[in-house]
Amino acid sequence: TGSRTPSLRTRGLGVRFGAFAAVTDVDLTLEPGARQALIGPNGAGKTTLINLLTGVLRPTSGSIHLGDRDITPLSCDRRARIGLARTFQINTLFPSLTPLSSIVLAICERDGLASTWWCPLRRMTPVYDEAHALLGRLKLDALADTPVSALAYGKQRLLEIALAMAAKPRILLLDEPAAGVPEDESGELFEVISELPQDISILFIEHDMNLVFRFSRRISVLVSGSVLTEGTPRDIAANPRVREVYLGT
Ligand code: ADP
């Protein structure tokens, strides 16, 4: 319907593991069309926060809203169906499938066309068209028929994003999309991410500050489970408290 992606907001969001508060009182806003980085030292709670946003973890306090809707009680599946997609740090692809068949399966799953082998051709043609378009968007078209196991790691990571995109998300949560990718390929990977449609809001965890400053328009800094500060790359680079955290002084 072309409706604008609503903003994703957390208020007072927190989770405890026993006595340990991994995430505390987080107010985070992802505006429509965001290209927002979530940074912070190891153990700061970044992955835990993404797990709270996707519903993998239940918060022990606070709320999550998508636009006007309180999505805190919704399961992962329900959240995925209303437009929240994520990729994982760990490679979750089927090594023997090709990128094309992986995406065709993902689209079939989304549209409830479970058994591709008996699906009538007229129903499969648009699925293949969409899969090819998605592969093109992720710069994987030349590798459509190469088994996943033969793809360079950076291409596998792009395919994971393509699979997340197959769900037609409004919000994309990327947990270290360039993890394990050689340094000379990570810029290219982020280039592709930054060219995804502008109506998709993207929040990504990234450690490489060069990539963070190159590809984010806003940065949230998480330290010990709490948001230390949030702002434009320029604000964050000039913030003495952020420097303290990163330089350990
Ligand atoms: P980051 O992604 O910023 O490196 P994490 O979100 O992975 O940090 O972890 C934040 C803290 O919460 C860490 O101290 C981690 O050990 C702890 N933690 C994460 N998940 C669990 C869990 N399921 N049970 C107990 N502690 C956890």
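Which residue just after helix 5 takes a positive phi? Select Lys168: its phi is about 55 degrees. Before moving on, two notes on what you are viewing. Residues are numbered from 1 along each chain as its sequence is written. The model is predicted, so local features need pLDDT of at least 70 and side-chain atom pairs count only at pLDDT 80 or more, while totals for chains, interfaces and linings use all residues.

**Stop 1: helix 5**

Now select residues 153-166, which are helix 5. Helices here are DSSP runs of H or I with at least four residues, strands are runs of E with at least two, and both are numbered from the N terminus. Helix 5 has 14 residues and reaches 20 Å from its first C-alpha to its last, close to the 20 Å expected at 1.5 Å a residue. The expected span is 1.5 Å times one less than the number of residues.

Of those 14 residues, 12 are buried, so helix 5 is largely enclosed by the rest of the structure. A residue is buried if 20 or more other C-beta atoms lie within 10 Å of its own, exposed if 12 or fewer, and partly exposed in between, with C-beta atoms placed from the backbone. Among the buried residues to click on are Lys155, Leu159, Ala162 and Ala166.

**Stop 2: two neighbouring helices**

From Ala166, look for Glu109: their C-alpha atoms are separated by 9.6 Å, though the residues are 57 apart along the chain. Glu109 is in helix 3 (residues 99-111). Glu109 is partly exposed, with 13 other C-beta atoms within 10 Å.

Next, pick Ala131 in helix 4 (residues 121-137). Ala131 counts as buried because it has 24 C-beta neighbours inside 10 Å. Measure from the C-alpha of Ala131 to that of Leu100 and you should get 6.5 Å, for two residues 31 apart in sequence.

**Stop 3: strand 8 and the sheet**

Select residues 171-175 for strand 8. Here 5 of the 5 residues are buried, so strand 8 is largely enclosed by the rest of the structure. Turn on side chains: Ile171, Leu173 and Asp175 point one way, and Leu172 and Leu174 the other way.

What lies beside strand 8? Strand 7 (residues 84-87) pairs with strand 8 in the parallel sense over 4 bridges, and the bridge partner of Leu84 is Ile171. Strand 9 (residues 201-205) also runs parallel to strand 8, joined by 5 bridges. There, Asp175 stands opposite Ile205. Two strands pair if DSSP finds at least two bridges between them.

Add helix 6 (residues 183-194) to strands 8 and 9 to see a right-handed β-α-β unit. Right-handed means that, with the strands pointing away from the viewer, the path from the first strand over the helix to the second runs clockwise.

Continue to strand 4 (residues 35-39), which pairs with strand 9 in the parallel sense over 4 bridges. Leu38 stands opposite Ile205. Zoom out to find 6 strands in an open sheet of mixed pairing, in the order 7-8-9-4-10-11. The edge strands are strand 7 and strand 11 (226-231), each pairing on one side only.

**Stop 4: the ligand**

Finally, select the ligand. Its surroundings include Phe17, Phe20, Asn42, Lys46 and Thr47. A residue is near a molecule if its C-beta atom, placed from the backbone, lies within 6 Å of it. Helix 1 (46-54) and strand 2 (20-26) each supply at least two residues of this shell, and the largest share, 3 residues, comes from helix 1.
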